[in-house]
Amino acid sequence: MMWFLRALGWVLLFASIAVLVDGPITALQTGSFRLAATGELWYRLDAGSLNLLQSVIQRYISVWVWDSIFVPLLLTPALVVLFVPAFLLLLLTRKRKRQRIF
């Protein structure tokens, strides 16, 4: 299980680096720099799954959960949403050196 969480941390880290590199490339094309929001990135990757998630949460769980939890998360820059869990996973699953007492 530990190796899976460590691999997931690396995947999230590489994804956050890709999002970080995408910002300046987009800035060169548009003339203004801004980090892509998580919802915007998700919509570009797969709009159907984002719409499905919204309808399932609003219909079967609560409209409040969608408006209060998911919307602020989707408006957060994707770099933050990807990098923070990556950092935490890599920190928690790091390989520790054995210390010899004698």
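These legends go with a set of close-up views of a predicted model.

**View 1. Helix 1 against helix 4.** Here we look at where helix 1 (residues 2–30) meets helix 4 (residues 78–92): their axes come within 8 Å and cross at roughly 150 degrees. An angle over 145 degrees counts as roughly antiparallel, and that is how helix 1 runs relative to helix 4. The crossing of helix 1 past helix 4 is left-handed. On the helix 1 side, the contact is made by Leu5, Arg6, Leu8, Gly9, Trp10, Leu12, Leu13, Ala15, Ser16, Val19 and Leu20. Helix 4 answers with Ala78, Leu79, Leu82, Phe83, Pro85, Ala86, Leu89 and Leu90. Sort the residues of this contact by class and you get 16 nonpolar, two polar and one charged.

**View 2. The largest nonpolar core.** Stay with helix 1 and helix 4, the elements that give two or more residues to this core. Nine residues make up the core: Leu12, Leu13, Val19, Ala78, Leu79, Leu82, Ala86, Leu89 and Leu90. Helix 4 brings the largest share, six residues. Apart from this core lies another one, of five residues, including Leu50, Ile57, Val65 and Trp66. As background, nonpolar side chains tend to be buried together in soluble globular proteins.

**View 3. Leu90 and its partners.** Zoom in on Leu90, a member of the largest nonpolar core. Skip its neighbours within four places in sequence, and Leu90 is in contact with Arg6, Gly9, Trp10 and Leu13. Leu13 also belongs to that core, and Arg6, Gly9 and Trp10 are among the helix 1 residues that make the contact with helix 4.

**View 4. Ser16, tucked into helix 1.** Ser16 sits in helix 1 and is buried, with a relative accessible area of 2%. What does Ser16 contact, leaving aside its neighbours within four places in sequence? The list is Leu79, Leu82 and Phe83. Those three are among the helix 4 residues in the contact with helix 1, and Leu79 and Leu82 also appear in the largest nonpolar core.

**View 5. Helix 2 against helix 3.** Now move to helix 2 (residues 38–61) and helix 3 (residues 63–75), which pack at an angle of about 165 degrees with their axes 10 Å apart. Helix 2 and helix 3 are therefore roughly antiparallel to each other. Helix 2 passes helix 3 in a right-handed crossing. From helix 2, look for Thr38, Gly39, Trp42, Leu50, Leu53, Gln54, Ile57, Gln58 and Ile61. They meet Val63, Val65, Trp66, Asp67, Phe70, Leu73 and Leu74 in helix 3. By class, that contact has 11 nonpolar, four polar and one charged residues.

**View 6. Thr38 and its contacts.** Thr38 belongs to helix 2. Is Thr38 buried or exposed? Its relative accessibility is 14%, so Thr38 counts as buried, the cut-off being under 20%. Setting aside neighbours within four places in sequence, Thr38 is in contact with Leu73, Leu74, Thr76, Pro77, Ala78 and Val81. Leu73 and Leu74 are helix 3 residues in the contact with helix 2, while Ala78 is one of the helix 4 residues in the contact with helix 1.

**View 7. Arg44, partly exposed.** This last view stays with helix 2, where Arg44 is placed. At 49% relative accessibility, Arg44 counts as partly exposed. Not counting residues up to four places away in sequence, Arg44 touches Asp22 and Ala36. Asp22 falls within helix 1 (residues 2–30).

How values were computed: Residues numbered from 1 in each chain as written. Predicted model: local features only at pLDDT ≥ 70, side-chain atom pairs only at ≥ 80, totals over all residues. Heavy atoms only, no water. Axes fitted to C-alpha atoms, helices over the stretch in contact; angles between N-to-C directions. Parallel < 35°, antiparallel > 145°, perpendicular 65-115°, else oblique. Left-handed = near helix turned anticlockwise from the far one by under 90°. Contact = heavy atoms within 4.5 Å. Nonpolar A, V, L, I, M, F, W, Y, C, P; charged D, E, K, R; others polar. Core = buried A, V, L, I, M, F, W, Y, C linked by side-chain atoms within 4.5 Å. Buried < 20%, exposed > 50% of the residue type's maximum accessible area, 1.4 Å probe, protein only.
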